[in-house]
Amino acid sequence: MTWLITGGAGYIGAHVAHAMTAAGEQVVVLDDLSSGIPERLPAGVPLVRGSVLDRDAVDRVLAGHAVTGVVHLAAKKQVGESVEQPLRYYRENVCGLTVLLEAVVAAGVRSFLFSSSAAVYGVPDTDLVPESAPCEPINPYGETKLTGERLVRAAGRAHGLSTACLRYFNVAGAAAPELSDTGVFNIVPMFFDRITRGEAPRIFGADYPTPDGTCIRDYIHVADLADAHLAVARRLAGTAGGEDLTVNIGRGIGVSVRELASVVAEVTGRGPQPVVEPRRAGDPAKAVASVERIAEELGWRASYGVREMVASAWEGWLARHPETAAR
Ligand SMILES: NC(=O)c1ccc[n+]([C@@H]2O[C@H](COP(=O)([O-])OP(=O)(O)OC[C@H]3O[C@@H](n4cnc5c(N)ncnc54)[C@H](O)[C@@H]3O)[C@@H](O)[C@H]2O)c1
């Protein structure tokens with residue numbers, strides 16, 4: 001069986017490609033390299049440069065590599081940008097998925113994993129968010145992920161595909177320095193960016209109804225996330241068709257922004273005290289996954305803690321910004 005990983009040259013996709021090949025799976029990657037880096041891929045994994053919006057390119061890779069399962073990660077992922085450019089986000093994330101699914105159905109592919117997000121929940125109002133919580137995204141990015149889930153399930157029902165929608169919580173860390181996140185959009189790289197410029201890390205809002213007043217999130221190591229993809233892929237491949245799984249991927253443990261800032265200060269040995277700035281619109285006070293479903297369905301649990309996430313992300317940051325190591 002050969003797996004197509006779309007977006008496999010990206011931060012998470014490359015981790016999935018490494019985890020799957022290390023476990024003996026055959027993998028091919030389709031990536032338009034809009035944010036992907038080819039050097040992240042394991043040796044020997046074919047990279048086809050092209051967009052999921054290009055039906056001919058998708059058909060060629062499915063047929064040329066006898067693909068039987070797809071892990072679809074290719075997408076645009078910046079919430080703020082999605083507010084400014086909703087049409088681009090719908091085109092890339094929803095039209096791209098539609099083209100891919102049409103090609104997948106025509107090619108007789110049997111298994112399809114979709115990269116979704118906790119953004120589908122919007123502002124959850126439960127302590128631990130189960131998959132059955134209402135999905136009310138509050139930005140176009142989250143809307144494209146929710147629409148994507150619906151498309152994937154509908155195609156699965158109509159065409160006998162086994163499908164899974166994986167709702168990632170806050171992804172951090174790196175399995176190796178060269179695989180680390182090069183973007184400065186998530187909180188850990190944002191903290192590194194500030195402290196290596198000698199500026200205090202910023203906390204947006206310290207008046208939330210949480211024990212220390214800062215937002216609480218569920219951080220998941222990207223190596224754990226990649227391992228969960230492998231577990232789900234094997235589950236889908238082992239079914240006769242018609243599987244329809246939607247699972248949160250997190251640790252089920254909340255960590256406040258202030259707690260995270262302390263871990264960053266400890267790991268990096270650089271500790272300007274964080275400064276508190278006003279709340280950002282749309283940040284829920286708390287978003288922590290209920291992780292019971294994936295444990296029950298697959299016996300899967302995350303194994304890494306926050307310190308390992310921060311330490312591995314810091315190694316990657318120093319490798320990419322060697323000038324900051326000396327400061
Ligand atoms: N990083 C996170 O915290 C997070 C959280 C929840 C969900 N996700 C989802 O995980 C997936 C991967 O995210 P990431 O953090 O690795 O981002 P990333 O930008 O590093 O990776 C995305 C990859 O997809 C490729 N790509 C983008 N548009 C494409 C297209 N039209 N055709 C082919 N390739 C295309 C990019 O070149 C890149 O390699 C995305 O679907 C994202 O929405 C990420």
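**Group meeting: helix α4, the ligand and the core**

Okay, let's start at the end of a helix: α4 is followed by Gly-108, whose phi is positive, near 75 degrees. Helices here are DSSP runs of H or I with at least four residues, strands are E runs of at least two, and both are numbered from the N terminus. Keep in mind that this is a predicted model, where local features need pLDDT of at least 70, side-chain atom pairs count only at 80 or more, and totals for chains, interfaces and linings use all residues. Residues are numbered from 1 along each chain as its sequence is written.

So how far should α4 span? With 22 residues at 1.5 Å a residue (times one less than the number of residues), α4 should span 32 Å, and its end C-alpha atoms are 30 Å apart, which agrees. Among its buried residues (20 or more other C-beta atoms within 10 Å of their own, C-beta atoms being placed from the backbone) are Tyr-89, Leu-97 and Val-104. The buried residues of α4 pack against β1, α2, β4, α3, β5 and α5.

Now the ligand. Of the 28 residues around the ligand (C-beta atom, placed from the backbone, within 6 Å), Gly-7, Gly-10, Gly-36, Ala-74 and Ala-75 come nearest. α4 supplies at least two residues of that shell, as do α1, β2 and β5. Which one gives the most? That's α1, with three residues.

Last, the core. The largest nonpolar core (buried Ala, Val, Leu, Ile, Met, Phe, Trp, Tyr and Cys joined through C-beta atoms within 7 Å) has 96 residues, and Leu-166 and Val-222 have the most contacts inside it. Helix α7, residues 222–237, brings the largest share, eight residues.

Terms used. A residue is buried if 20 or more other C-beta atoms lie within 10 Å of its own, exposed if 12 or fewer, and partly exposed in between; C-beta atoms are placed from the backbone. Two residues are in contact if their C-beta atoms, placed from the backbone, lie within 7 Å.
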